[in-house]
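I opened my notebook and looked through this structure one topic at a time. Here is what I wrote down.

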Amino acid sequence: MDAFIRFTNQSQGRDRLFRATQHACMLLRYLLESRAGKEAVVTKLKRLESSVSTGRKWFRLGNVVHAIQATEQSIQVTDLVPRLCLTLANLNRVVYYICDTVLWVKSVGLTSGVNREKWQMWATRHYYYFLLLSLARDLYEILLQMERVARDRAKREKSARDPPGYSVVTDDIDWLQSFLLLLFRSLKRHPPLLLDTVKNLCDILIPLNHLGIYKSNLGVVGLGGLVSSVAGLITIVYPQLKLKTH
């Protein structure tokens, strides 16, 4: 209960909850649209999705400050590759939130001289760059984890005088099986890295679709957004599962 109270007291937590609701509505709408007699339900889901999306904009108004702080923190990271990836990613996130704020100002009628389509495209593009750089950081961390797991396995095999499990492969199938097993063990050992990678992979489906790089249907985007939101909720309720910077 204490964890739930802490979660609901955070604007980020409320935003994640609203986001999960928004994408759940999107997924349900996709599943029901083709069914006869569900027009009224689909309409209600569409209205709820729109209302939740509008509410989320209020929670994101101060996020540009958090993104700037995250950029300052990422500059202090000791490892060069994560420092470069995180700093560039957070800079793109700053631009994304600036664009998002301008779009909010336009939506509430505070200004009329804003080209909504242009600013929406800028926001989507910088969100895409942010996710690409975040995934590059995830990939780097995964490779480090795989190297550690393989090294530990080699030490155990050497001490036990067993034949190595990863060093020699006879064909492509053996290599692929060894690689996937190593990847599985690496992510199993590091749950925060697994959650962050899943979240970013699911999130990137949205800008890929909006930019026309890889078109997906409403169901795929909704499912990806829902899974990503649940992963984000887990890291907020259980902060120890959030991927740390070093």
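**Entry 1: one asparagine**

I started with N92, which sits in helix α5. I noted that the model is a predicted one. Is N92 buried or exposed? I found N92 buried, with a relative accessible area of 13%. That is under the 20% cut-off for buried. Next I looked up what N92 touches, leaving out residues up to four places away in sequence. I listed H126, Y129, F130 and L133.

**Entry 2: the overall build**

How many helices and strands are there in the protein? I counted ten helices and zero strands. Read from the N terminus, the elements run α-α-α-α-α-α-α-α-α-α. The protein has 246 residues, and 38% of them count as buried. I then turned to contacts with a separation of 6 or more. Residues 24 or more positions apart account for 71% of those contacts. The exposed area came next. The protein exposes about 14,800 Å². Carbon and sulfur atoms supply 62% of that area.

**Entry 3: the nonpolar cores**

Which residues have the most contacts inside the largest nonpolar core? I wrote down Y96, Y97, A123, Y127, F130, L131 and I204. This core has 17 residues. Helices α4 (63-74), α5 (80-107) and α6 each give two or more residues to this core. The largest share comes from α6, with seven residues. F130 is one of the residues with the most contacts in this core, and F130 also turned up in my list of residues touched by N92.

I picked Y127 for a second look. Not counting residues up to four places away in sequence, Y127 touches R19, Y96, D203 and P207. I also found a second, separate core. This second core has seven residues, including M146, V149, L182 and L243.

**Entry 4: salt bridges**

Side chains of opposite charge can pair when their charged atoms come close. How many salt bridges does the structure hold? I found seven. I looked up some of them.

One joins the side chains of R29 and E33, at 3.6 Å from N to O. Where do R29 and E33 sit relative to each other? Both are in helix α2 (residues 11-33). They are four residues apart, so about one helical turn separates them. I checked how covered each partner is. R29 is buried, with a relative accessible area of 9%. E33 is partly exposed, at 45% relative accessibility.

R29 has another partner. E49 forms a salt bridge with R29, and their closest N and O atoms are 3.0 Å apart. Which parts does this pair tie together? E49 lies in helix α3 (residues 39-59) and R29 lies in helix α2, so the pair links parts that are 20 residues apart in sequence. E49 is buried, with a relative accessible area of 11%.

Then I went to E141 and R137. Their side chains meet in a salt bridge of 3.7 Å, N to O. Both residues lie in helix α6 (residues 116-160). They are four residues apart, about one turn of the helix. Are E141 and R137 buried or exposed? Both are buried. Back to the bridges with shared partners: they join R29, E33 and E49 into one network.

**Entry 5: a surface patch**

Which residues make the nonpolar surface patch of about 390 Å²? I noted W175, L176, F179 and L180. I followed up on F179. F179 is placed in helix α7 (residues 172-189). At 32% relative accessibility, F179 counts as partly exposed. A patch residue needs over 30% relative accessible area, so F179 passes that cut-off.

**Entry 6: cysteines**

How many disulfides does the structure hold? The number is zero. I still looked up two cysteines. C25 is buried, at 4% relative accessibility. C85 is buried too, with a relative accessible area of 11%.

**Entry 7: what I keep from this**

I keep three points. The protein has ten helices and zero strands. Helix α6 gives seven residues to the largest nonpolar core, and helix α6 also holds the pair E141 and R137. R29, E33 and E49 are joined into one network by salt bridges that share partners.

Methods
Residues numbered from 1 in each chain as written. Predicted model: local features only at pLDDT ≥ 70, side-chain atom pairs only at ≥ 80, totals over all residues. Heavy atoms only, no water. Salt bridge = Lys/Arg side-chain N within 4 Å of Asp/Glu carboxyl O. Buried < 20%, exposed > 50% of the residue type's maximum accessible area, 1.4 Å probe, protein only. Contact = heavy atoms within 4.5 Å. Areas by Shrake-Rupley, 256 points an atom, 1.4 Å probe, with all protein chains shown as cover. Core = buried A, V, L, I, M, F, W, Y, C linked by side-chain atoms within 4.5 Å. Patch = residues over 30% accessible without salt bridge, like charges linked within 9 Å, V, L, I, M, F, W, Y side chains within 5 Å. Disulfide = S-S within 2.5 Å.
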